[in-house]
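Me: I am new to this structure and would like to go through it by question and answer. Please keep the replies short.

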Amino acid sequence: MISSASCKLNKNTTSLAFLPMYQYEINAKARYSSARNLPTYTCQHIDIERHLPQDAINKLRDIEKTSSDVAKDTWEFLKSVTLLEGSQTCSRHLQNCPFQTSCLDISGSMCVHYSTMGKKVDGALLKKNGTSNKLLQIYVKYHCSRKTPLLIHENLQNFDSTELASLLAEGGYKYLCRINVCAADAGLAVNPRSRGCLGCPID
């Protein structure tokens, strides 16, 4: 799932500061781990797919089963969908919490379909038409609808960001930069692999 930390600007400080408002993380262990480092007001949502009406979710599952070009048909369908408004089930506060807009979204999508191992499993088909791609398209649909001012997307260093940038461009985003970073450079040895980050501000 998309692991996301979305923020609002704290205007009460003399320097630029951001307050984490919500996070998406489908993995329960990861949600528990990150909750210890997030402020108590930060909401944690399980699945970005829940922004879609149930009939739209069902339609996407039908497309996955029957389409010969899942990625194309999924995106064409998503463009016609109206997202749900209001609240989301919050796994941290154990209630429906009002969903807040943000000025910055930092997200990392599932990397299995873009990894070396993923390519070995089913070649380009898995990369193009796998579950990871559907969730990535919902991520694009969500931010294009909400007009989040700045997006930073993280994945593997060999993640091809061309299609992602193209989809975002349809919603008014422009390609800012692509940088490769490594947590080890900041002294973090937990995951020393290099990652690629794509920055896209709304035009």
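Me: Which residue forms a salt bridge with Arg-61, the closest N and O atoms being 3.8 Å apart?
Reply: In this predicted model, Arg-61 sits in helix H2. Its partner lies in the loop between strand E3 (43-45) and H2, 12 residues apart from Arg-61. The cut-off for a salt bridge is 4 Å, and the closest N and O atoms here are 3.8 Å apart. The partner is Glu-49.

Me: Is Glu-49 buried or exposed?
Reply: Buried means under 20% relative accessible area. Arg-61, with 39%, is partly exposed. Glu-49 has 9% relative accessibility, so it counts as buried.

Me: Which residue in helix H5 forms a pair with Glu-49?
Reply: Glu-49 forms a salt bridge whose closest N and O atoms are 3.1 Å apart. The pair links distant parts of the chain, 85 residues apart, with the partner in helix H5 (residues 131-146). Both residues of the pair are buried. The partner is Lys-134.

Me: Which residues are joined into one network by salt bridges that share partners?
Reply: The structure holds 6 salt bridges. Glu-49 pairs with Arg-61 and also with Lys-134. With one further residue, Glu-64, the network consists of Glu-49, Arg-61, Glu-64 and Lys-134.

Me: What is the distance between the closest N and O atoms of Glu-76 and Lys-79?
Reply: Glu-76 is partly exposed, at 43% relative accessibility. Lys-79 is partly exposed too, at 41%. The two form a salt bridge, and the distance between their closest N and O atoms is 3.1 Å.

Me: Why are Ala-56, Ile-57, Leu-60 and Ile-63 on the same side of H2?
Reply: Helix H2 covers residues 54-66 and reaches 19 Å from its first C-alpha to its last, close to the 18 Å expected. Ala-56, Ile-57, Leu-60 and Ile-63 are buried in H2. They are on the same side because the arc they cover around the axis is only 115°.

Me: Which residues are exposed on the other side of H2?
Reply: The buried residues of H2 include Leu-60 and Ile-63. Exposed means over 50% relative accessible area. On the other side of H2, the exposed residues are Asp-55, Lys-65 and Thr-66.

Me: How many disulfides does a search of the whole structure find?
Reply: A disulfide needs two cysteine sulfur atoms within 2.5 Å. For Cys-43, which is buried at 6% relative accessibility, the nearest cysteine sulfur is that of Cys-97, 3.7 Å away. For Cys-144, buried with 13%, the nearest is that of Cys-200, 9.7 Å away. The number found in the whole structure is 0.

Methods:
Residues numbered from 1 in each chain as written. Predicted model: local features only at pLDDT ≥ 70, side-chain atom pairs only at ≥ 80, totals over all residues. Heavy atoms only, no water. Helix = DSSP H or I, 4+ residues; strand = E, 2+ residues; numbered from the N terminus. Expected span 1.5 Å × (residues − 1). Buried < 20%, exposed > 50% of the residue type's maximum accessible area, 1.4 Å probe, protein only. Arc of directions from axis to C-beta. Salt bridge = Lys/Arg side-chain N within 4 Å of Asp/Glu carboxyl O.
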